[in-house]
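Here is a short tour of some helix packing and a few cysteines. Have the model open as you read along.

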Amino acid sequence: MLKTETGYGERKRRKIMNEKKYDTTLQTQVEHADAAADKSKSWNRRKFLKTSANASVAAILAQSPILSAAESGNRKKRYVIVGTGSRSRMYQTAIEKDYEKYSELVGFCDVNAGRLKLAQERSRQHGKPVPPVFGATEFDRMIAEQKPDTVIVTTVDGFHHLYIVRGMELGCDVISEKPMTIDTDKCQQIIDTQRKTGKHCTITFNYRYSPPRTQIKDILMSGEIGEILSVDFHWMLNTFHGADYFRRWHSQKKNSGGLMVHKATHHFDLVNWWLSDIPVVVSATGKREYYTPQMAKRIGLSSYHERCHTCPEKNICGFELDLAADKSLKALYLDNEKFDGYFRDRCVFRPDIDIEDTMNVLVTYGSGVTLSYSVNAFNSWEGYTIVFNGTKGRLEHISKEKIYVNGTDTVQGGIIRGGTRTTIIPLRGESYEKEVWAGEGSHGGGDKKLLDDVFLPHPPRDKYMRAADQRSGAYSIITGVAANRSIETGNMVKIPDLVQEIGMPTYPSMPSRDGPLPMPTKSS
């Protein structure tokens, strides 16, 4: 059993479930989660990079982040899933259908009895044996009885660390959805536990696998624009997808770390991987200016309200989410509110929201590369623009994504046909377009390729090294955590002060930063 101190005590759980206060549940669990001691040391970039690189050598040699728990022989690999919300369905389908030759699902764990039953029903629909279900207090029993090789974690972000850490302590490898966790204490617990146990911790960064994003890595590795000196990266969330973060549990930083962690971890990981580098200094500003009670009145509502389902003004509100009208949302959430009191359709203009909708970040990398990044959650289109400025030229890339609402049949991260463009502009030459590598499906075609890497017993060799472990997971969230801290304090934040002994992630080699460069041509 997980310790009572982590917030999963049976008596406390019964009391919470009886009161049906989901926010109270989350707050109680967060407040009582074990916290690692906050260790800090003086910052020295050269010392930090040298220490990180040396500390990672053994990890690089000893582990593959994907082929972790595979055992000799031909038996199927055993998986359990913790957290049976919408994201878990991708993994369940993969195990029970696409990779059934190599995998079997042997257990579900969740706080919500209704969603556990839904997960079992999906197994029946897949024609598979129905896995047993376990409550959140029964995680240890599930591991002891079902003897999984790997635990898949798809819970609320703020609880990832509980199952990652405990899973490794109980002898399992772990696969976790991004973000790996939401703050430095939890991150340190994961890093320390992985080092202590030697188990494998895979973080599923599907955007790395999307063909257009892999192509960017390919171009940068080739040296076509030389070595990178600076990056400008701007992500836009529209008022469908963007607004949805302000309805759900994500709207509280205690659960998600805010968009700087929950959403931007994708983006920071992409930049880290594109550059084969790690961040060392972060500064940021942020505000919530659109999803506010004042904005509700400015767009014609009398006030904010508790939720869409009971809202007296839902017929005139363009932000209404009708749970009853969508079969999937109704089954996952509306029909199961009685089990945990969670409202999937809370008002996006509530005053208790504490995450920002407008954020700007400056990051300095170990190599000296600088990143200017922004994310805004109320834009007219969804997608991003990114520019890499190199010693031989400039790469400009734009990608527009389809409308998406979590838990519905819409495709997450689906790319609009013709909406992606990559342009190379030499220092003194004519610009030219690259033929974009095509991708279809969720996360721009990345999910399928990611799942191949995760579930195939012998995935093909990948020169782009897209598989990620706890080291990449740590550096992806630490930039966002540091940005949150900078927003709060107004100060620059030094990454080495936050989490110790992460180790250097496994990245491909990039063009030399000290070799000869061609002389730019004279203008005619």
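## Helices H8 and H18

In this predicted model, H8 and helix H18 (residues 470–489) pack at an angle of about 165°. Angles over 145 degrees count as roughly antiparallel, and H8 and H18 are therefore roughly antiparallel to each other. Their axes lie 10 Å apart, and the crossing of the two is left-handed.

If you would like to look at the contact itself, H8 contributes Thr184, Cys187, Ile190, Ile191 and Gln194. On the other side, H18 brings in Gln470, Ala474, Ile477, Ile478, Val481 and Arg485. Sorted by class, the contact of H8 with H18 has seven nonpolar, three polar and one charged residues.

## Helices H7 and H8

H8 also packs with H7, here at an angle of about 15° and with the axes 9 Å apart. Under 35 degrees counts as roughly parallel, so that is how H7 and H8 are described. H7 passes H8 in a left-handed crossing.

From H7, the residues that meet H8 are His161, Ile164, Val165, Met168 and Glu169. Their partners in H8 are Lys186, Gln189, Ile190, Thr193, Gln194 and Thr197. This contact of H7 with H8 divides into four nonpolar, five polar and two charged residues. Ile190 and Gln194 of H8 take part here, and Ile190 and Gln194 are also listed in the contact with H18.

## The surroundings of H7

How many of the ten residues of helix H7 are buried? Eight of them are, so H7 (residues 160–169) is largely enclosed by the rest of the structure. The buried residues are His160, His161, Leu162, Tyr163, Ile164, Val165, Gly167 and Met168.

Several elements help to cover them. Among the helices are H6 (139–146) and H8 (184–197), while the strands include S1 (77–82), S4 (150–153), S5 (173–177) and S6 (201–204). After H7 comes Gly171, which has a positive phi near 95°.

## Cysteines without disulfides

The structure holds zero disulfides. Why is Cys187 not bonded to Cys201? The sulfur of Cys201 is the closest cysteine sulfur to that of Cys187, but at 9.8 Å it is too far for a bond. Cys187, part of the H8 contact with H18, counts as buried because its relative accessibility is 0%.

Cys308 is in no disulfide either, and the nearest cysteine sulfur, that of Cys317, is 6.4 Å away. Cys308 is buried as well, with a relative accessible area of 9%.

Note on methods: Residues are numbered from 1 along each chain as its sequence is written. This is a predicted model: local features need pLDDT of at least 70, side-chain atom pairs count only at pLDDT 80 or more; totals for chains, interfaces and linings use all residues. Side-chain values use heavy atoms; hydrogens and water are left out. A disulfide is a pair of cysteine sulfur atoms within 2.5 Å. Buried means under 20% relative accessible area, exposed over 50%, partly exposed in between (1.4 Å probe, protein chains only). Helices (H or I, at least four residues) and strands (E, at least two) are DSSP runs, numbered from the N terminus. Contact means heavy atoms within 4.5 Å. Axes are lines fitted to C-alpha atoms, for helices over the stretch in contact, and angles run from 0 to 180 degrees between N-to-C directions. Angles under 35 degrees count as roughly parallel, over 145 as roughly antiparallel, 65 to 115 as roughly perpendicular and the rest as oblique. A crossing is left-handed if the near helix is turned anticlockwise from the far one by less than a right angle, and right-handed if clockwise. Ala, Val, Leu, Ile, Met, Phe, Trp, Tyr, Cys and Pro count as nonpolar, Asp, Glu, Lys and Arg as charged, and the others, Gly among them, as polar.
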